[in-house]
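Student: I've got the model open and want to walk through some contacts. Where do we start?

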Amino acid sequence: MISASSVLDRVLVLEMVRVTEAAAIAASKLVGRGDEKAADHAAVEAMRAALNELPMDGTVVIGEGERDEAPMLFIGEKVGSAQGSGPAIDIALDPLEGTTITAKAGPNSLAVLAIAEQGGLLNAPDVYMDKLAIGPGYAEGTIDLAKSPTENVRSLAAAKGVDPSEIIACVLDRPRHEGIIAELRALGCGVYLIPDGDVAGVIAVTDPDTNVDIYMGSGGAPEGVLAAAALRCVGGQIQGRLVFRNDDERGRAARWGIEDLDRIYKLEDMAKGDCIFAATGVTDGSLLQGVKRRKNCVTTESIVMRASSGTVRRVTGEHHKAL
């Protein structure tokens, strides 16, 4: 059982929802406008402002990028109104997961945040990550990132008691995944291709209503840590391996003290101890409804999870001053 953190008790669960709500509402004003950068910038500024209102000594360990690439919410940035005196909190965030989705008014765009005690979240450079995830109820070792997609599907199918052809895999629709997709289809698997938003894609493995059994493929490392925090709260397994495509990215790894470039990170390597995960929908999706503008208010739907209690709360908000 995961013990509750007295540090996180001082940062109320609903405060995390207020932060993601602020980012989602700001980004929603640019849904369908075709400007990814403007939507992301709006979400970043709103999330940063909301975080700085909280009485904590927060450090962004997974953010928009490193200091030289991101003007706000960069890895290592300090946030909160109680620097040096408040509870020390590590923060992983993606103010707008699905910038392209938002620009095109597609599904599953989210504002996402996870927090843990200092040292509880993987502090990694802003690079890609190979990911493999399944939902709760399976023995440890059912999946292994060192094995092929075929081996992992067969192992999962055996654990589930079905034929491999009955497994549904979620994969980001990218040219780099053509080999994985072909291998899965050769097994007869169903492949659920998503255009973006792999935090929602990973979380889908925990929801029986999605029919998704396994997530695989590469995407952003920030999304990998955020997804791990969510699985930490509701159960499941995830493995990740950082992908370094050039010498510059390998240099980033060295600056962050990463020596084993081929290390496979498991769930507790990415998110350990008590943690809180929160997300608010920007556009409608399988996980959450998006922001809606009514005549007299703006409505939001959010989800917030906590590892120590194993609780999942859905929060519907009406914001009468956010029009």
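Tutor: With a side-chain pair: Thr20 and Thr280 are joined by a polar contact of 2.7 Å. A polar contact here is a pair of N or O atoms within 3.5 Å; within protein, one must be able to donate a hydrogen and the other to accept it, and residues adjacent in sequence count only if both atoms are side-chain atoms.

Student: And what am I trusting here?

Tutor: This is a predicted model, so local features need pLDDT of at least 70 and side-chain atom pairs count only at pLDDT 80 or more, while totals for chains, interfaces and linings use all residues. Residues are numbered from 1 along each chain as its sequence is written, and side-chain values use heavy atoms, with hydrogens and water left out.

Student: Is Thr20 buried or exposed?

Tutor: Thr20 counts as buried because its relative accessibility is 0%. The cut-offs are under 20% relative accessible area for buried, over 50% for exposed, and partly exposed in between, with a 1.4 Å probe and protein chains only.

Student: Which element holds Thr20, and what does Thr20 touch?

Tutor: Thr20 lies in helix H2. Helices (H or I, at least four residues) and strands (E, at least two) are DSSP runs, numbered from the N terminus. Not counting residues up to four places away in sequence, Thr20 touches Met47, Ala111, Val112, Leu113, Ala278, Ala279 and Thr280. Contact means heavy atoms within 4.5 Å.

Student: Met47 rings a bell. Which residues of H3 are buried?

Tutor: Met47 is one of them, and the others are Ala39, Asp40, Ala42, Ala43, Val44, Ala46, Ala50 and Leu51. They pack against helix H2 (13–28), strand E2 (78–79), E3, helix H4 (99–104) and strand E4 (110–117).

Student: Does the geometry of H3 check out, i.e. what span should its 16 residues have?

Tutor: At 1.5 Å a residue the expected span is 22 Å, and the end C-alpha atoms of H3 are 22 Å apart, so the two agree. The expected span is 1.5 Å times one less than the number of residues. At the start of H3, a side-chain oxygen of Asp35 comes to within 3.4 Å of the backbone nitrogen of Lys37.

Student: What about the other end? What does Gly80 contact?

Tutor: Gly80 is in contact with Leu51, Asn52, Leu54 and Met56, leaving aside neighbours within four places in sequence. The C-alpha atoms of Gly80 and Leu51 are 5.6 Å apart, although 29 residues separate the two along the chain. Gly80 sits in the loop between E2 and E3 and is buried, with a relative accessible area of 13%.

Student: Switching topic. What volume does the largest pocket have?

Tutor: About 680 Å³. Of its 25 lining residues, the closest to the centre are Asp94, Thr99, Asp196, Gly220 and Glu223. A pocket is an open set of points on a 1 Å grid over the protein atoms alone, where a 1.4 Å probe fits, with protein on both sides within 12 Å along at least five of seven lines; lining residues have an atom within 4 Å of a point. Points are joined across faces, edges and corners, and the volume is the space filled by probe spheres set on them.

Student: Which elements give two or more residues to the lining?

Tutor: Helix H3 (36–51), strand E3 (88–97), strand E8 (214–220) and helix H8 (221–234). By class, the lining has five nonpolar, six polar and 14 charged residues. Ala, Val, Leu, Ile, Met, Phe, Trp, Tyr, Cys and Pro count as nonpolar, Asp, Glu, Lys and Arg as charged, and the others, Gly among them, as polar.

Student: One more acid, then. Where is Asp213?

Tutor: In the loop between helix H7 (198–203) and E8. Asp213 is buried, at 10% relative accessibility. The side chain of Asp213 has a polar contact of 2.6 Å with the side chain of Lys160 and reaches the backbone nitrogen of Ile168 at 2.8 Å.

Student: Any odd backbone angles? What is phi of Asn108?

Tutor: Near 75 degrees, a positive value in a residue other than glycine. Most residues other than glycine have a negative phi. Ala105 also has a positive phi, near 60 degrees. Asn108 is found in the loop between H4 and E4, as is Ala105. Asn108 is buried at 10% relative accessible area, whereas Ala105 is partly exposed at 46%.
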